[in-house]
Amino acid sequence: MQLVPLRIEATLDDRRGSERRLTANIGDISGTFALGPVEVTVERTDERVSWTVANRGDVACDVRAVSLVFGVEASAPLRMFRHGYQSWSPCGVATFGVDTDPSAQAGVELVQATYHADQRTTRADELRSEWVTVVADAAGDAMLLGFDGGGEHDGTFRLRGSDQAHRDRAELCTEAFLGGARIEPGEQRVLHSVLMARGDAAEASVLLADWARHVGRAHRARVTAPFQIGWCSWYHYFGNITEAALRANLALSTDWPFELFQLDDGYQAAIGDWLLTNDTFPSKLDALAASIDAAGRTPGIWLAPFLVAPGSELFDRRPDWVAAYSGEGGGPLRTWWNPAWGGGDEGFLYGLDTTNPEVLAYLEDLARDLVDAGFQYLKLDFTFSPSADGVWTDRAMTPAQRVRAGFEAIRRGAGDDTFLLGCGAPLAPIVGLVDGVRIGPDVAPTWSIDPASALVPGYAAIEPATKHAYGNTLARSFMHRQLWLNDPDCVMLRTVDTDLTSEQARTWAHTVGVSGGMVLVSDDLALLDGDARAVLDEATELGRKSDADAAAGRPAIVPDLLDEQVPRRLCSATHELVVDPGDATSMLQRRQARRPTSR
Ligand code: 9PG
């Protein structure tokens, strides 16, 4: 497989909301290229493309994206490992010319803003991957391309047909996504380099682990927290959790090996009013944390720090703290929709403006207050919110910088010793700030759903289903302990109040175990018997071994990552799990030989 440099493209947002595309043809990739007012310099060595973008004009320029476009010389069919933008975005292999981007079916910007860096609909023939990708040809030659960071801007790889006449001839765009960030006259920005590595399609997950280790080291990934075992209130009680139910589970947890005890969504007075409890929680937060602490567990709490409900006290006090919609009519920027949360405006939630220093000070104080109340673990959810297109106070900041600024503020307030879990989180911008990251969609007390029943066409795989969490756990196993601790989402142990069979529950628990990721139980403990406990013990025993290997630089690998839409094999140093994703039957085998260690 060869990548032949063809063009540089720049997309500028003009003041009226339309795009302006500029192109420069290139022969030798290294050089300085003018695209209207924009100047791009590129330097390529064997394994790396370094580049910068500058504004050489005399007026400010809103740069949406800058891309290097390569022609792909390879034998068809081409396969692409699609890595998703945030925690819940589906990941897995797709075939060029066969599969499509979900946005091409949906065309719903609120949804696309949630699951992708660029919320605009892709071209019809396009496949995209965020931050990193592996492309493989028919001969099994594979190439990894990955940005060497993500704190300054997002990075998107787009595999698309070259033009109307040659749709089958593929081009690969490596795109620095700046989201319309304003670049002043004379200003130059260094872009994240693109790293390239070659290998065998069957070793894709080893290539990915090598990339993740490199990026993790370069950005001081937080990878030293102990192996996590805990309890989370969400997947049995959901929003109906009460203080009484929380306390009942705490009392029942005595004989369970939980270090963490985490309260999820349902305690808060409103989205945005995180320090106030609602009627179902008569105690204040500090009293709840004290009870958890007295039981010998680490108190954990959920919040969606960058969202605010129109009916909240926070919005009432500071309506000027939200970003604005840039389209006709303006108004507060809606970044999520969940009528169950209440709060007026038809269930829409607004996005706090993380480019406003006052908002950052509020986030820092909020995190400090939660830690002072006794919580040493914060689950930070729906954190994609600052990435949406809109009018933000500081127009120079990219979406990635807006996300990172919010996390930085929370880390400042929470201190170095608090475990931060990113959820619904854009992955690339938060390396070095979080200890753990949710790496897949929500589990549910059911294995799979009918894709035809999807709420949003094309986006079935984001809906809660244990199979969806399973797919991402395999696809992102390479990240564990290289970039953070992976949270595959909770094991589902109960055998009543569930559609999961005990074999499906066990398959999922074994998947979590072999992945080495965090092991969280989320059942009403009153429903669990000795068999459930045995499954948890199997998962934690598998998990501790796999986790220790990941910490030594060898996360679990997936030999069929580029062969199957939903992979079937997950291998730690000691075990191989083989799963039929159709019905979740599985086989767990002890491995004979240790696989070769990577670099
Ligand atoms: C609390 C929950 C739990 C859960 C989180 C998150 O795409 N969606 O519509 C969607 C809705 C909810 C959701 C994820 C995705 O769940 O992952 O663990 O904390 O919030 O509300």
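Start with K379: an N or O atom in its side chain sits 2.8 Å from an oxygen atom of the ligand. Bear in mind that this is a predicted model. D381 does something similar, with a side-chain N or O atom 2.9 Å from a ligand oxygen. Then there's R438, where a polar side-chain atom lies 3.1 Å from an oxygen atom of the ligand. Taken on its own, the ligand has 460 Å² of accessible area, and the protein covers 85% of that.

Now step back to the whole shell. The ligand is surrounded by 15 residues, and the closest of them are Y115, Y235, D264, D265 and D442. What kinds of residues, nonpolar, polar or charged, make up the shell around the ligand? Nine are nonpolar and six are charged, with no polar ones in the mix. As for where all this happens, the space that the ligand takes up is the largest pocket.

Leave the ligand and have a look at the cysteines. A disulfide is a covalent bond between two cysteine sulfur atoms. How many disulfides does the model have? The count is zero, going by a cut-off of 2.5 Å between the sulfurs.

Two cysteines show how that plays out. For C173, the closest cysteine sulfur belongs to C61, and it's 20 Å away, so that's too far for a bond. C173 is also buried, at a relative accessible area of 2%. C232 is the one to zoom in on: the closest cysteine sulfur, in C490, is 4.1 Å from its own, and that's still too far for a bond because a disulfide needs the sulfurs within 2.5 Å. C232 counts as buried too, with 1% relative accessibility.

Key:
Residues numbered from 1 in each chain as written. Predicted model: local features only at pLDDT ≥ 70, side-chain atom pairs only at ≥ 80, totals over all residues. Heavy atoms only, no water. Buried < 20%, exposed > 50% of the residue type's maximum accessible area, 1.4 Å probe, protein only. Near = heavy atom within 4 Å. Polar contact = N/O pair within 3.5 Å; in protein donor to acceptor, adjacent residues only side chain to side chain. Areas by Shrake-Rupley, 256 points an atom, 1.4 Å probe, with all protein chains shown as cover. 1 Å grid on protein atoms, 1.4 Å probe; cavity = no way out; pocket = protein on both sides within 12 Å on 5 of 7 lines; lining within 4 Å. Sits in = over half its atoms within 2 Å of the grid points. Nonpolar A, V, L, I, M, F, W, Y, C, P; charged D, E, K, R; others polar.
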